[in-house]
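Biologist: I would like to go through this structure with you one question at a time. Please give the cut-offs as they come up.

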Amino acid sequence: MNMQSDFPAAPPPGCPAHGSGKRVPLYGTEFAADPGAYYTYMRSYGPTAPVELSPGVEATLVTDYSAALQLLQNPDTFRKDSRRWREYNEGKVSRDNPVVPLLEYRPNCMFTDGAEHMRLRQAVTDSLARVDTHRLSRHVERVAEYLMDQFISRGSADLLNDYAKLLPLFVFNELFGCPAEIGDRVIFGISGIFDGINAEKANEVLGQSVAELVALKRKQPGDDVTSWLMEHHAQLNDGEMVHQLVLLLGAGAEPQRNLIANALLLLLSDERYAGAGLLVEDALDDVLWNSPPMANYAPHYPVTDVDFAGTRLRAGDLVLVSIAAANSDPALSASRQQLSKRAHLAWSAGPHACPAKDTGQLIGVVAIEKLLNKLPDIELAVPESSLTWRPGPFNRGLNALPARFTPIRTEKQPVTQQQIPTGDHRAHAQNKQEKGGLWSSFLSWWRA
């Protein structure tokens, strides 16, 4: 979600503007460059702070760990169905606002409550539970090998756009049973939505391609998540199938790429990981605590007017959880080392906690270990201080992660650079996907 702005940065603690009543903007390059300073400032308001997600979109952000848990674990008071969003219903937020696609209602297990949520979520969790971890690990390794073969002979790579961004998309295509012609368009759609490249067209392509996948699996079920969802006793109809799949594909792709890239940055820049004492799993836990891939999300809406954590909320107010701020709550500082690895909120909590956290953790571990084992002398190609982060209120993701290493010759020839929509080539992705895109290229490479 890329949003640039000329609006002033949030005032730091002690600034004369402190307490001016202005909402804190969670967009623009200033917030992306140093969100920690913003969270520190927002704590001056108490457990919650008034924020602006994009111009004209107001929300309350929970920054306190205990208050965040209270909200996430209280579905009687706070609901997920965004049709309750009062300011959107009143026309104060336009549908074309860039944050709306990640907030507006969809009939999936993220935006439903009660019995309907339980029905949809059970179908998702039961289907994901059928994923064989050994099969998944092997596929992640194959995808990692393919992606590395595109750049290992160069001796340099952008580990975000050449690797971390693409790997989850390829892995999910396999998990969900996408054939080449549908998988190419799924990748184009998801990439376009999150990168802001012809996002409206990308959203249309994603919806159409997933609908085609559903129609295909109705006729030809396979050993994949899509088919398992169809077989589930929840008896999802075609519309429900499409919405669950779009949620799983989209919600998996963006956080997963940020998790992999943020962990690689940590491993390549933090001296604690230079020795043999700490493992990839430790780096992932470090990221989930201190640089969570989705920094501010978990939208909720009070059912009635309510006093919450010292703030009066009106029914239908948009309330988000700052996972990043809650995880770094100073109240936890004395006991963070003793906290369980799963005590962080990066996977959320309560009835809407992420149903795919074990899958996401496994993909991240295998992807990173495969890269580091293949390229043992890999290092950052630029100073860490020169790296930039994508603006936006929700995610914590790099723009790029340049690295260098000793070149390695490969027997399999890489696909032509035009087929990899990274850097200057991403603008050509729509045309390329019509002629045989990334997923087709991977399948051809693997069969060669």
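Biologist: Which residue in β9 stands opposite Asn296?

Modeller: This is a predicted model, in which local features need pLDDT of at least 70, side-chain atom pairs count only at pLDDT 80 or more, and totals for chains, interfaces and linings use all residues. Residues are numbered from 1 along each chain as its sequence is written, and side-chain values use heavy atoms, without hydrogens and water. Strands (E, at least two residues) and helices (H or I, at least four) are DSSP runs numbered from the N terminus. Three bridges join β6 (residues 296-302) to β9 in the antiparallel sense, and in β9 the residue opposite Asn296 is Ser322.

Biologist: Which residue stands opposite Leu320 in β9?

Modeller: Strands count as paired if DSSP finds at least two bridges between them. With β6, strand β9 runs antiparallel, and there His300 stands opposite Val319. Strand β3 (residues 57-62) and β9 are joined by three bridges and run parallel. There the residue opposite Leu320 is Leu61.

Biologist: Are the residues on both faces of β9 buried or exposed?

Modeller: In a regular strand the side chains alternate between the two faces of the sheet. In β9 (residues 319-322), Val319 and Val321 lie on one side, with Leu320 and Ser322 on the other. Buried means under 20% relative accessible area, exposed over 50% and partly exposed in between, with a 1.4 Å probe and protein chains only. On both faces these four residues are buried.

Biologist: What is the bridge partner of Arg79 in β6?

Modeller: Strand β6 is itself mostly covered, with seven of its seven residues buried. Two bridges join it to β4 (residues 78-79), and the two run antiparallel. The partner of Arg79 in β6 is Tyr301.

Biologist: Which strands stand at the edges of the open sheet of three strands?

Modeller: The order in this sheet is β5-β11-β10, with antiparallel pairing. β10 and β11 (residues 402-404) are joined over two bridges, where Glu379 has Arg404 as its partner. The edge strands have a single partner each, so one side of each is left without a neighbour in the sheet; they are β5 (156-158) and β10 (379-380).

Biologist: Which element gives the largest share of the lining of the second largest pocket?

Modeller: On a 1 Å grid over the protein atoms alone, a pocket is an open set of points with protein on both sides within 12 Å along at least five of seven lines, a cavity is a set where a 1.4 Å probe fits but cannot get out, and lining residues have an atom within 4 Å of a point. This pocket holds about 420 Å³, the space filled by probe spheres set on points that are joined across faces, edges and corners. Its lining has 23 residues, and Asn290, Ser291, Pro292, Trp389 and Arg396 are the closest to its centre. Two or more residues come from each of α1 (28-33), α2 (35-42), α12 (238-269) and α13 (280-290), and the largest share, four residues, is from α12.

Biologist: How many of the residues of α13 are buried?

Modeller: The buried residues are Val280, Ala283, Leu284, Asp285, Asp286, Val287, Leu288 and Trp289. The helix is therefore largely enclosed by the rest of the structure, its buried residues numbering eight of the 11.

Biologist: Which element gives the most to the lining of the second largest cavity?

Modeller: The structure holds five cavities of 30 Å³ or more, and the second largest has about 80 Å³ of space. Among its lining residues are Arg135, His139, Glu174, Asp223 and Trp228. α6 (133-149), α8 (166-175) and α11 (225-231) give two or more residues each. The most, three residues, come from α6.

Biologist: Is the pair of Phe151 and Phe405 tilted or edge-to-face?

Modeller: Rings of Phe, Tyr and Trp (its six-membered ring) pair if their centres lie within 6.5 Å, and planes under 30 degrees apart count as stacked, over 60 as edge-to-face and the rest as tilted. The whole structure has 10 such pairs. Here the centres are 6.1 Å apart and the planes at 55 degrees, so the pair is tilted.

Biologist: How are the rings of Tyr297 and Phe394 set, edge-to-face or stacked, and at what separation of their centres?

Modeller: Tyr297 lies in β6 and Phe394 in the loop between β10 and β11, so the pair ties together parts that are 97 residues apart in sequence. Both residues are buried. Their planes stand at 75 degrees, so the pair is edge-to-face, and the centres are separated by 5.4 Å.
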